[in-house]
Amino acid sequence: MAVQRKTKSSLEQLETRLLMMSSIVENSNNFIGLCTPDLKPFFINRAGREMVGLGPDVDIRKTQLLDYIWPEDRKLVEATAFSSLRQGICSSGEMRFRNFKTGKPIQTVWNAFVIEDESGRTIAWATNSPNLSRQKENELRRVKKELEVRVKERTEELVEKARILESFYEHTQTCLMFLDKHFNFIRVNKAYALASGHKVSDFDGHNYFTDYPSDELRAKFQRVVETRQPYSVVNYRPSEFQDLPERSISYWDLYVAPVLKGSGEVDFLFFSLIDVTKRKKAEESMARLTLLYAVLSRVNEAIVHVRGANELYSKVCRIAVEYGRFKMAWIGIADPDTGRVNPVADYGDSRGYLDNITIHAADAPDSYGPAEKAIAEKRYTVCSDIAHDPAMLPCRDIALLHGFRSSAAFPFFTASGVIGTFMIYADTPRFFTDEEISLFQSLVRNISYAIDSMSSEEMRLEAENALRKSASEIQDLYNNSPCGYHSLSKAGLIIRINNTELDWLGYSREEVAGKIKFIDLLTPGSSRAMKTNLIRLKKTGRITDLELEMVRKDGTVLPVLLNATAISDKNGRFLMCRSNIFDITGRKEAEFRTSATNELLKLFSQTMLRKEYLDALVKHLKRWSGSDCAGIRVLDEDENIPYCSSTGFSRDFCAQEDRLSIRKNSCACTRIIAGGRIPEDSPFLTPDGSFVCNDSSHMSPVKKKSQPAPYRGACIQHGFASIAVIPVRYRDKVFGAIHLADRRKGWFQPGIIQFIESVTPLIGEALYRFYIEEALIISHERLRSLSIHLQAAREEESTRIAREIHDDLGQTLTAAGLELSRISEKNRFQGPVSDKLRTAAEIIDGAVQDIQRICSELRPRVLDHLGLQAAVEWQANKFSMRTGISAALDLTSISKTLPAAISTAMFRILQEALMNVARHSGATEVSIYMKTENHTLVLRVRDNGKGATKQKLFSQKSFGILGIRERTHDLGGTATFNSIRNKGTTVMVTIPLKGRNHV
């Protein structure tokens, strides 16, 4: 029961709502209608039927929706409203319904929407359209009333405007007139009549072009009539009123416009003229002033940018003509010595105006021109009309010939006074106004100030240039100095460095400045030395001549000499330091060369044997070159080149290479010594003929077709990457070669090779001298042996001859003497025969004594029978008897068992020494000292003669002294000679007796 009651209540509510909605629809003043989607109406409310003129008895189901729409709106409604409704979209827009009774359109707004069932299917279209026709009519009535009010107001306004226009026409200063299409005056205003000098009534019946003929302007007016287009011109050409000459030349703005009839034909012409003479003249004046301002601006700009007075003068003249449109401009400077104004710049005249005039800076009888006057009176001078100005008389004709009609001169002032003038010319009279003159005075003041400033600026620039040049020179000197410069911060960082030092080290400035400490560029040893000296630098403020080694970027070492100065603040605190360094590579190389050469020379002078020399030499070569191995090959008589000395080479390598022959083997060493060359050697040969290869992999030992291998490959097999073979020459003859080898690539630098090449002549000469000395030693030994042999043979021969003479000839003479004595005693001859026998006996006795003397000289018998001491005594006694020179003997402790060779040699040495005393000394006394001590036989012979010079003592022609030396040397002894002028000479001979096997 409750459900039924609830359902009944709901139905009642729904019916109530439907009745309310139906009441709203029926009582609405809008057209409300429903139709099927195929445009069949099935409901239209009462207001809608009235709007379209349908009575209640008309069956709307027999009509179509399109019948209700105004025919002209149907296509639009179909394209828009119906299309939207078919898509289920609401539609709205203005349109018109058709009233079936009146046939008139009803203005409305189409508001349509779609009605769907519960499944969403379109079942009807609905529209709610108000009647806007009454609203439009009401609005139209309102607009009509408003328009009537506005027309009334506009009419009153037009009447007022017509009155105003009439008043304007009569009282305006603009010249106005109306002309018919034949250009006859219809009406003119007072302004035109006044401008023409006539009354308004004077123009009635007149034609404009009859009064003011102008075919050009008539054609323009005719064109206006034909084309019905207005014509205007601004600043019409200058006009002169003959009736009013006081108006002079005037300028007008002209405007002509056609006034048309309703049919479009020209009714009359409206013509206006505006007097713009004052404006035109003001514009011309403004244009001229604008040009002058442009000149002033350009000149000021030139003053800013130009640095020289003459250049400024030229710029000013050019600007005046090009921008000021003057005929000509020139600037003249007064010469105090000649009193003339000399043009220094001009522009605008190419026909030589200045060549035909003379301008004086001082007063002169014929000098009355503006330029002279401006300088003399120190103020500007203007000539407004050159043709009629008496001051221009001297140069008037020339000026007029060049087109000059007016001119102005402005003096230049500087701190020293008037220096010249600025002269300008125009091509029209009365060109220069007060404003223009004022501008030019300002311009000249600027130029004068600029000239003064330039003078000061030139002095300043000269000083600046001098400073800049000096700074540039200092900078150039700093950067390109032959020595290096750098500055270090307190922490030792390089903060500035010159190009020279950078080039030495191989770094760029960006790599070093502010990034590297100086101490980091040194070798470890130099780094330690620099740290020590930095402490001294901070204390003393200076480091002088400190030798350091710097490391280049490529790792090579650069020896330098450093001098540094400390920079401190006023309190003495260390801030930074500046240093200069000198590349002492050349000095070090020179020192090395000198030291090495001295070592080489010293080595030769201190070594007596070639083997000792060569052993020491290869050690020096190894040290100089820094190579692993060094050796020297010497060419022998069999044309082999064995190592005479080497160091660093293995025993196997030397054994293999000692068998090398310049005849049998082909390799770099044999060709360097033998002098042969092959194309494969060319890349490795130096200008002096040495073979240097820093990468032995390029020395291919591979044989070519039917050719021997260019290199034996022994060095490569033993691991040598760098090889150098340097010939040893003396007098263009190759004695051998220096062989250097190292296991590192690129080891032999050109410098060390060139140095070794430079000393090879010394090595060659040493080898040559050793060869000669060895040959001389051998020869000397042979000669000495021969001399000993000859002396021994001579002594033997002397002994034999002495014996034979004594035994044979002595006995014969003794027998002959005895026989003469027997004959004389037996026969007892008297007289001459007896005398002859006695004489013969005396001759025989003398011959026997000569034989004894000769035998003693050949071989003193006392030496053989009594010994050396008795022989010395006998010889001294005989010397004194023969020369008269007293001989003192000291012959103690002489061994009696001396070898015969020593006794003979010492006796002969004594004989030679006493012979020299007798021949050369001039002595009166001689002392002979001989004794045996410490197994040594000593002989000293001293005289009190005049002495002998060193030249004589060591002369090769002093054969006696040479004989003493040779005899002493043969016995292994020594002989010395000491001579004092006017005090005598001493000969000291010592012969060892022990350890020698004397023959």
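**Cavities, a pocket and paired strands**

Biologist: Which helices each supply at least two residues of the lining of the largest cavity?

Modeller: Helix H19 (668-674) and helix H20 (714-717) each give at least two residues to that lining. Helices here are DSSP runs of H or I with at least four residues, strands are runs of E with at least two, and both are numbered from the N terminus. A cavity is a set of points, on a 1 Å grid over the protein atoms alone, where a 1.4 Å probe fits but cannot get out, and a lining residue has an atom within 4 Å of a point.

Biologist: What kind of model is this, and how are residues numbered?

Modeller: This is a predicted model, in which local features need pLDDT of at least 70 and side-chain atom pairs count only at pLDDT 80 or more, while totals for chains, interfaces and linings use all residues. Residues are numbered from 1 along each chain as its sequence is written, and side-chain values use heavy atoms, with hydrogens and water left out.

Biologist: Back to the largest cavity: what is its volume, and which residues lie nearest its centre?

Modeller: The volume is about 110 Å³, where a volume is the space filled by probe spheres set on grid points that are joined across faces, edges and corners. Its lining has 14 residues, and nearest the centre lie Cys-667, Met-699, Ala-714, Cys-715 and Ile-723. H20 provides the largest share of this lining, with 3 residues.

Biologist: How does that lining divide by class?

Modeller: There are 10 nonpolar, 2 polar and 2 charged residues in the lining of the largest cavity. In this scheme Ala, Val, Leu, Ile, Met, Phe, Trp, Tyr, Cys and Pro are nonpolar, Asp, Glu, Lys and Arg are charged, and the others, Gly among them, are polar.

Biologist: How many cavities of 30 Å³ or more are there?

Modeller: The structure holds 2 of them, and the second largest has about 80 Å³ of space. Of the 13 residues that line the second largest cavity, Gly-33, Leu-34, Cys-35, Leu-65 and Thr-127 lie nearest its centre. Strand S1 (31-35) gives the most to that lining, with 4 residues, and by class the lining has 11 nonpolar, 2 polar and no charged residues.

Biologist: And the largest pocket, how much space lies in it?

Modeller: The largest pocket holds about 830 Å³ of space, a pocket being an open set of points with protein on both sides within 12 Å along at least five of seven lines. It is lined by 24 residues, and the closest to its centre are Val-557, Pro-559, Thr-585, Glu-589 and Gln-749. Among the elements that give two or more residues to this lining are strand S18 (542-551), strand S19 (557-568) and helix H16 (585-606). The largest share, 5 residues, comes from H16, and the lining divides into 10 nonpolar, 7 polar and 7 charged residues.

Biologist: Let's switch to strands: is S11 largely enclosed or open, and why?

Modeller: Strand S11 (residues 328-334) is largely enclosed by the rest of the structure, because 5 of its 7 residues are buried. Buried means under 20% relative accessible area, exposed means over 50%, and partly exposed lies in between, using a 1.4 Å probe and protein chains only.

Biologist: Which strands are joined to S11 by bridges?

Modeller: S11 runs antiparallel to strand S15 (residues 417-426), with 6 bridges between them, and Ala-329 stands opposite Ile-424 in S15. S11 also runs antiparallel to strand S12 (residues 341-347), again over 6 bridges, and there Ile-333 has Asn-342 as its bridge partner. Two strands count as paired if DSSP finds at least two bridges between them. The hairpin of S11 and S12 has 6 residues between the strands, and in it Gly-339 takes a positive phi near 75 degrees.

Biologist: Now two single residues: are Lys-62 and Asp-695 buried or exposed?

Modeller: Lys-62 is exposed, with a relative accessible area of 73%, and it is found in the loop between helix H2 (46-52) and helix H3 (71-86). Asp-695 counts as buried at 18% relative accessibility, and Asp-695 is found in the loop between strand S23 (691-693) and H20.

Biologist: What does Asp-695 touch?

Modeller: Leaving out residues up to four places away in sequence, Asp-695 touches Ala-721 and Lys-745, where a contact means heavy atoms within 4.5 Å.
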